[in-house]
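User: I am new to this structure and would be grateful for a close look at one part of it. Please choose a helix, describe how it is built, what it packs against and what follows it.

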Amino acid sequence: MASYLIMTPPGAPADDERARFIADGFSWTAFFFPGPWLIVKRAWLIGIFVSVLQFLLLLAASMPGGFSAALLVHLALGLIVSLEGPLLIARKLSARDWTFRSVVPARDLETAEEIYYSNAEPSAPAGDAAPMPSADRSATGRPGAAAGLGFFESYGER
């Protein structure tokens, strides 16, 4: 069973049909194609960076003795993107003032939509929902701590 993070556009009510349902879980597509997956999800800069890194890893794999190291780095890169990609998308939307509405556990997207829209209050003002903690401050108030969605719980915390 997956959990879906629901976010709505700035100023939109809770029952807005433009709400984004972001599946928090492992993505096989992101694992095998991390750069293109990020680009499709509109994480342009990181997607281009990862794609260039993948190309450099292909070049390194053709060098004598570089295949094993390049393969391990490529697998690690795919694993990180497949696990942390949804968090990256949620943070990008949060930076654009999208409103965090809820986290719904469901077995598929259709079920998550049913659960969310049946419980969403009709045409509630956007200010009623709790904003998603930013990258600078979390719900705990500590600077640099991230929201608890994803593999790593706190980016930038020292």
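Analyst: The protein contains 5 helices and 3 strands. The model is a predicted one. Followed along the sequence, the elements are arranged in the pattern β-β-α-α-α-α-β-α. Of the 158 residues, 35% count as buried. Contacts can also be sorted by their separation in sequence: among those between residues at least 6 apart, 62% join residues at least 24 apart.

The part chosen here is helix α4, which covers residues 67-95. Helix α4 has a kink of about 50° at Glu84, and the proline Pro86 comes shortly after that position.

The partner considered here is helix α3, residues 44-61, whose axis comes within 9 Å of the axis of α4. In general, two packed helices are described by the angle between their axes and the distance between the axes. For this pair the crossing angle is roughly 165°. Angles over 145 degrees count as roughly antiparallel, and α3 and α4 are therefore roughly antiparallel to each other. The crossing of the two helices is left-handed.

The residues that make this contact can be named on both sides. Helix α3 contributes Ile46, Val50, Leu53, Gln54, Leu57, Ala60 and Ala61. From α4 come Phe67, Ala70, Val73, His74, Leu77 and Leu88. By character, the residues of the contact divide into 11 nonpolar and 2 polar, with no charged residue. The spacing of such positions may be read against a general property of helices: an α-helix has 3.6 residues a turn, so residues three or four places apart point the same way.

What follows the helix also deserves attention. After α4 comes Asp97, whose phi is positive, near 70°. As background, most residues other than glycine have a negative phi. Asp97 is not a glycine, yet its phi is positive. Asp97 lies in the loop between α4 and strand β3, residues 99-106. With a relative accessibility of 57%, Asp97 counts as exposed, because the cut-off for that class is over 50%.

A similar description applies to the loop before the partner helix. Arg42 lies between α2, residues 34-40, and α3. Arg42 is not a glycine either, and has a positive phi of about 70°. At 54% relative accessibility, Arg42 counts as exposed.

To draw the parts together, α4 is kinked at Glu84, runs roughly antiparallel to α3 and is followed by Asp97 with its positive phi.

Methods
Residues are numbered from 1 along each chain as its sequence is written. This is a predicted model: local features need pLDDT of at least 70, side-chain atom pairs count only at pLDDT 80 or more; totals for chains, interfaces and linings use all residues. Side-chain values use heavy atoms; hydrogens and water are left out. The bend at a residue is the angle between axes fitted to the seven residues ending there and the seven starting there. Helices (H or I, at least four residues) and strands (E, at least two) are DSSP runs, numbered from the N terminus. Axes are lines fitted to C-alpha atoms, for helices over the stretch in contact, and angles run from 0 to 180 degrees between N-to-C directions. Angles under 35 degrees count as roughly parallel, over 145 as roughly antiparallel, 65 to 115 as roughly perpendicular and the rest as oblique. A crossing is left-handed if the near helix is turned anticlockwise from the far one by less than a right angle, and right-handed if clockwise. Contact means heavy atoms within 4.5 Å. Ala, Val, Leu, Ile, Met, Phe, Trp, Tyr, Cys and Pro count as nonpolar, Asp, Glu, Lys and Arg as charged, and the others, Gly among them, as polar. Buried means under 20% relative accessible area, exposed over 50%, partly exposed in between (1.4 Å probe, protein chains only).
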